[in-house]
Amino acid sequence: MNVSHEIDLLVQEIQRLGSKNADGKCSVKFGVLFNDDRCANIFEALVGTLKAAKKKKVIDFQGELLLQGVHDNVDVILLQE
């Protein structure tokens, strides 16, 4: 699977699991994304896909890297739909 395809799938999953925030952008908590069974089956390396999507300015989140447990309440915000 190539990176751009994984990012497209990530966008779909954020739209499926997320909701609109105060700015009208779709947002989901990292813990919700990480613990979702469908996401677990799709993404071999969710954190790597998130990092690549952030680098391409498709999504945004606080910090450089998200870790399960520690960052479960961090918002992953979709910048491009």
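Strand 1 and strand 2 are paired in the antiparallel sense, with 2 bridges between them. This pairing belongs to a predicted model, and the report follows the sheet first, then the helix packing and the salt bridges.

**The sheet**

In the pairing of strand 1 with strand 2, lysine 20 has cysteine 26 of strand 2 as its bridge partner. The two strands are part of an open sheet of 4 strands, which has the order 1-2-4-3 and antiparallel pairing. Strand 1 (19–20) and strand 3 stand at the edges of this sheet, and each has a single partner strand, so one side of each is left without a neighbour in the sheet.

Strand 2 (residues 26–29) also pairs with strand 4, again in the antiparallel sense, over 3 bridges. Here serine 27 has isoleucine 77 of strand 4 as its bridge partner. Strand 4 pairs in turn with strand 3 (residues 59–60), in the antiparallel sense and over 2 bridges. In that pairing, aspartate 60 stands opposite isoleucine 77. Isoleucine 77 of strand 4 is thus matched with serine 27 and with aspartate 60.

In a regular strand, side chains alternate between the two faces of the sheet. Strand 4 (residues 75–78) has a covered face with Val76 and Leu78, while Asp75 and Ile77 make up its uncovered face.

**Packing of helix 1 and helix 4**

The relation of two packed helices is described by the angle between their axes and the distance between those axes. For helix 1 (residues 3–17) and helix 4 (residues 46–55), the angle is about 95° and the axes are 10 Å apart. With that angle, helix 1 is roughly perpendicular to helix 4. Helix 1 contributes Val3, Glu6, Ile7 and Leu10 to the contact, and helix 4 contributes Leu46, Thr49, Leu50, Ala52 and Ala53. By class, the residues of this contact divide into 7 nonpolar, 1 polar and 1 charged.

**Salt bridges**

The count of salt bridges in the model comes to 4. Among them are the following pairs, with their N to O distances.

| Basic residue | Acidic residue | N to O distance |
|---|---|---|
| Arginine 16 | Glutamate 13 | 2.6 Å |
| Arginine 38 | Glutamate 13 | 3.2 Å |
| Arginine 16 | Aspartate 36 | 2.5 Å |

Arginine 16 and glutamate 13 both lie in helix 1, where 3 residues, about one turn of the helix, separate them. Their surroundings can be stated by accessibility: arginine 16 is partly exposed, with a relative accessible area of 36%, whereas glutamate 13 is buried at 2% relative accessibility.

The side chain of glutamate 13 also meets that of arginine 38 in a salt bridge. Arginine 38 lies in helix 3 (residues 37–42) and glutamate 13 in helix 1, so this pair ties together parts that are 25 residues apart in sequence. Arginine 38 counts as partly exposed, at 44% relative accessibility.

Arginine 16, for its part, forms a salt bridge with aspartate 36. Aspartate 36 lies in the loop between helix 2 (30–35) and helix 3, and arginine 16 lies in helix 1, so the pair ties together parts that are 20 residues apart in sequence. Aspartate 36 is buried, with a relative accessible area of 15%.

Through shared partners, these salt bridges join Glu13, Arg16, Asp36 and Arg38 into one network. Within this network, glutamate 13 and aspartate 36 are buried, while arginine 16 and arginine 38 are partly exposed.

Note on methods
Residues numbered from 1 in each chain as written. Predicted model: local features only at pLDDT ≥ 70, side-chain atom pairs only at ≥ 80, totals over all residues. Heavy atoms only, no water. Buried < 20%, exposed > 50% of the residue type's maximum accessible area, 1.4 Å probe, protein only. Pairing = 2+ DSSP bridges. Axes fitted to C-alpha atoms, helices over the stretch in contact; angles between N-to-C directions. Parallel < 35°, antiparallel > 145°, perpendicular 65-115°, else oblique. Contact = heavy atoms within 4.5 Å. Nonpolar A, V, L, I, M, F, W, Y, C, P; charged D, E, K, R; others polar.
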